[in-house]
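Hi everyone, thanks for making time today. I'd like to walk you through a structure that is probably new to most of you, so let's bring it up on the screen.

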Amino acid sequence: MPEIFRFFGFSFFFYSKEHEPVHVHVEGKDGMAKYEWNGSSFILVESHNIKAGDMKKIKTVIDDNADIIVKRWEEHFEK
């Protein structure tokens, strides 16, 4: 499970045996979310038990680091 980074008590990661499209999982504080890359930005596809304020922080982190997330995905799965 390659962790990309941690912010605000949340882990941003993907699983080693993932599937397309590029996406990132976020877990922490008893909740989880999943965002998929649509070719230009990450879109929320699922969330459970994360407060609205935390969701805003998570989305900002993902938007600010989208290039890193996509790059790490490509590096991992092109092996």
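Let me begin with one residue, Lys34. If we set aside its neighbours within four places in sequence, Lys34 is in contact with His19, His23, Val24, His25, Ile43, Leu44, Val45 and Glu46. Please keep in mind that this is a predicted model.

Where does Lys34 lie? You'll find Lys34 in strand E4. Now, is Lys34 buried or exposed? Lys34 is buried, and yet has no salt bridge. The nearest side chain of opposite charge belongs to Glu36, 4.1 Å away. The cut-off for a salt bridge is 4 Å, so that pair does not count as one.

Let's step back to the sheet. There are 5 strands, forming an open sheet in the order E1-E2-E3-E4-E5, with antiparallel pairing. At the edges sit strand E1, residues 3-7, and strand E5, residues 42-48, each of which pairs on one side only. From one strand to the next, the twist averages 20°. As a general reminder, strands of a sheet pair through backbone hydrogen bonds.

Now follow me to E1 and strand E2, residues 10-13, which pair in the antiparallel sense over 4 bridges. Here Phe7 has Phe10, in E2, as its bridge partner. Helix H2, residues 66-77, packs on the sheet and touches E1, strand E3, strand E4 and E5. The direction of H2 makes about 155° with that of E1.

One last stop: the hairpin of E1 and E2 has 2 residues between the strands. In that hairpin, Phe8 takes a positive phi near 55°. Thanks for listening!

Note on methods. Residues numbered from 1 in each chain as written. Predicted model: local features only at pLDDT ≥ 70, side-chain atom pairs only at ≥ 80, totals over all residues. Heavy atoms only, no water. Pairing = 2+ DSSP bridges. Axes fitted to C-alpha atoms, helices over the stretch in contact; angles between N-to-C directions. Contact = heavy atoms within 4.5 Å. Buried < 20%, exposed > 50% of the residue type's maximum accessible area, 1.4 Å probe, protein only. Lys, Arg positive; Asp, Glu negative; His and termini not counted.
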